[in-house]
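Visitor: I should like to learn how to read the features of a model such as this one. May we go through it together?

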Amino acid sequence: DHLKIFVNSVNNIHLIIKFSTNQSLTNASFLGIIVSLHNGAAETDLYTKPLDEHQPCNITLFENVNKK
């Protein structure tokens, strides 16, 4: 199972930060991305919080991060 091997690998990188995944025979989710099988075709969906306004991130917010 490639997804389990991948998650185990990334979980060995850091002692505190751990990732998890949910799997069934028809779908798998990891980091908010859900991949499902419908009629033999893969479909993807992205989890968003109920109050998310789908606003793009303003890149200027990060311009001065490395200058501190």
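Guide: The discussion below turns to the sheet, the helix and two residues. Please note that this is a predicted model.

Visitor: In what order do the strands of the sheet stand, and how do they pair?

Guide: The sheet is open and consists of 4 strands, ordered β1-β2-β3-β4, with antiparallel pairing. At its edges stand β1 (21-23) and β4 (41-46); each has a single partner strand, so one side of each lacks a neighbour in the sheet. On average, neighbouring strands are turned by 15° against each other, direction ignored.

Visitor: How many bridges join β3 to β4?

Guide: Strand β3, residues 33-38, is joined to β4 by 6 bridges, and the two run antiparallel. Across this pairing, Leu-37 is opposite Ala-42 of β4.

Visitor: Across which strands does helix α1 lie?

Guide: Helix α1, formed by residues 2-11, lies across β1 and β2 (27-30), and runs at about 170° to β1.

Visitor: Is Ser-36 buried or exposed?

Guide: A residue is called buried when its relative accessible area is under 20%. Ser-36, which lies in strand β3, has 14% relative accessibility and therefore counts as buried. Leaving aside residues up to four places away in sequence, Ser-36 touches Thr-26, Asn-27, Ala-41, Ala-42 and Glu-43.

Visitor: And is Tyr-47 buried or exposed?

Guide: The term exposed applies over 50%. Tyr-47, in the segment after β4, has a relative accessible area of 55% and is therefore exposed. Although 13 residues separate Tyr-47 from Ile-34 in sequence, their C-alpha atoms are 7.4 Å apart in space.

Note on methods: Residues are numbered from 1 along each chain as its sequence is written. This is a predicted model: local features need pLDDT of at least 70, side-chain atom pairs count only at pLDDT 80 or more; totals for chains, interfaces and linings use all residues. Side-chain values use heavy atoms; hydrogens and water are left out. Two strands pair if DSSP finds at least two bridges between them. Axes are lines fitted to C-alpha atoms, for helices over the stretch in contact, and angles run from 0 to 180 degrees between N-to-C directions. Contact means heavy atoms within 4.5 Å. Buried means under 20% relative accessible area, exposed over 50%, partly exposed in between (1.4 Å probe, protein chains only).
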